[in-house]
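Please look over the sequence and the structure shown below before reading on. The briefing that follows takes the strands, the helices and the surroundings of the ligand in turn.

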Amino acid sequence: MRLRNVKNARERLIDNHYFIEEPINNKGLWHKVFGNDNPIHIEIGCGKGQFMATLSKLNPDINYIAIEKFDSVLLRAEEKIKDEDIPNLRLCIIDAGSICDYFELGEIDRIYLNFSDPWPKKHHAKRRLTSPLFLESYRKILNKDGEIHFKTDNRGLFEYSLEMFNECNYSIKNISLDLHKDLEKYPFNITTEFEDKWSKLGPIYRLEAKPR
Ligand SMILES: C[S@@+](CC[C@H](N)C(=O)[O-])C[C@H]1O[C@@H](n2cnc3c(N)ncnc32)[C@H](O)[C@@H]1O
């Protein structure tokens with residue numbers, strides 16, 4: 001998602017209590033940020049933040065970090081929650097390509113990848129957030145029971161991701177090839193902005209993956 005650049009987006013983010021200005025300083029110390037030892041779940045590529053905002057209010061005993069590459073996009077997420085008090089949610093600008101600089105080995109309990117950019121051209125495959133280099137980084141920051149929960153409307157990305165999770169020695173469970181038809185099996189499903197839009201037009205694919 002590339003929203004038009006918002007003027008002074010970073011400065012506007014700095015002005016609010018959800019935003020972590022220098023997330024790199026919290027590597028290995030994220031529990032201190034939240035002031036408790038609760039599990040930490042992150043969404044990489046949170047977009048406008050609906051998913052994390054909803055989930056964090058439903059689960060006050062889990063700490064959530066919404067991660068986004070672009071400040072103009074993250075500002076939209078911040079605007080959604082700025083008048084609320086959600087103590088277990090933080091927002092950060094991080095590029096997934098350097099995620100290991102921000103989290104210690106085993107520091108994270110769950111990673112959500114929701115509607116990641118599909119990068120359909122073969123020569124862009126390395127940019128997909130489920131390509132092997134990313135999966136190796138996620139393996140490092142996840143703890144021993146950690147999981148990745150992945151959803152997409154893009155069949156090509158889903159098939160590619162299944163293949164990469166297998167190739168990179170992840171076990172896969174709870175696959176759905178049409179999540180919104182399977183909702184009795186996934187009553188806990190929280191939708192994202194993209195999901196609300198694209199689920200009207202076709203199936204949503206989802207899976208859970210765990211490093212072996
Ligand atoms: C298609 S949007 C989906 C947004 C949201 N998860 C949803 O489902 O509505 C993908 C988001 O991932 C972000 N993104 C792409 N590459 C990223 C990266 N390397 N690190 C962090 N975020 C990234 C994009 O800026 C964009 O906001």
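## A briefing on the sheet, its helices and the ligand

Strand β4 is mostly covered, since five of its seven residues are buried. The model is a predicted one, and β4 is a useful place to start reading it, as this strand belongs to an open sheet of seven strands. The points below begin with that sheet, then turn to the helices, and end with the shell around the ligand.

**The sheet as a whole**

- The seven strands of the open sheet follow the order β3-β2-β1-β4-β5-β7-β6, and the pairing among them is mixed.
- Strands β3 (89-93) and β6 (170-176) stand at the edges, where each has a single partner strand, so one side of each is left without a neighbour in the sheet.
- From one strand to the next, the twist averages 20°.
- In a regular strand, side chains alternate between the two faces of the sheet.

**Parallel pairs around β4**

- Strand β1, which covers residues 40-44, pairs with β4 in the parallel sense over three bridges, and Glu43 has Tyr112 in β4 as its bridge partner.
- Strand β4, residues 108-114, also pairs in the parallel sense with β5, residues 142-152, and this pairing runs over six bridges.
- Two places show how β4 and β5 line up: Ile111 stands opposite Ile148 in β5, while the bridge partner of Asn114 in β5 is Lys151.

**Antiparallel pairs around β7**

- Strand β5 and strand β7, the latter made of residues 205-211, pair in the antiparallel sense over five bridges, and His149 has Glu208 in β7 as its bridge partner.
- Strands β6 and β7 likewise run antiparallel and are joined by five bridges, with Ser176 standing opposite Arg206 in β7.

**Helices beside the sheet**

- Helix α4, residues 71-81, lies across β2 and β3, and the angle at which this helix runs to β3 is about 165°.
- Which residues of helix α5 (residues 132-141) are buried? They are Phe134, Leu135, Tyr138 and Ile141.
- Seen down the axis of α5, these buried residues fall within an arc of 125°, so they line one face of the helix.
- The buried residues of α5 pack against strands β4, β5 and β6, and also against helix α6 (155-167).

**One residue of α6 in detail**

- Phe158 has its place in helix α6, and is buried because 22 other C-beta atoms lie within 10 Å, where the cut-off for a buried residue is 20 or more.
- Leaving aside residues up to four places away in sequence, Phe158 touches Thr152 and Tyr205.
- Phe158 and Ile81 are 77 residues apart along the chain, and their C-alpha atoms are separated by 31 Å.

**The shell around the ligand**

- There are 21 residues around the ligand, and among these Gly45, Gly47, Phe115, Thr192 and Phe194 come nearest.
- The elements that give two or more residues to this shell are strand β2 (63-68) and helix α7 (193-198).
- Which element gives the most to the shell around the ligand? Helix α7 does, with three residues.
- Sorted by class, the shell around the ligand contains nine nonpolar residues, six polar residues and six charged residues.

Conventions:
Residues are numbered from 1 along each chain as its sequence is written. This is a predicted model: local features need pLDDT of at least 70, side-chain atom pairs count only at pLDDT 80 or more; totals for chains, interfaces and linings use all residues. A residue is near a molecule or strand if its C-beta atom, placed from the backbone, lies within 6 Å of it. Helices (H or I, at least four residues) and strands (E, at least two) are DSSP runs, numbered from the N terminus. Ala, Val, Leu, Ile, Met, Phe, Trp, Tyr, Cys and Pro count as nonpolar, Asp, Glu, Lys and Arg as charged, and the others, Gly among them, as polar. Two strands pair if DSSP finds at least two bridges between them. Axes are lines fitted to C-alpha atoms, for helices over the stretch in contact, and angles run from 0 to 180 degrees between N-to-C directions. Two residues are in contact if their C-beta atoms, placed from the backbone, lie within 7 Å. A residue is buried if 20 or more other C-beta atoms lie within 10 Å of its own, exposed if 12 or fewer, and partly exposed in between; C-beta atoms are placed from the backbone. The arc is that of the directions from the helix axis to the C-beta atoms.
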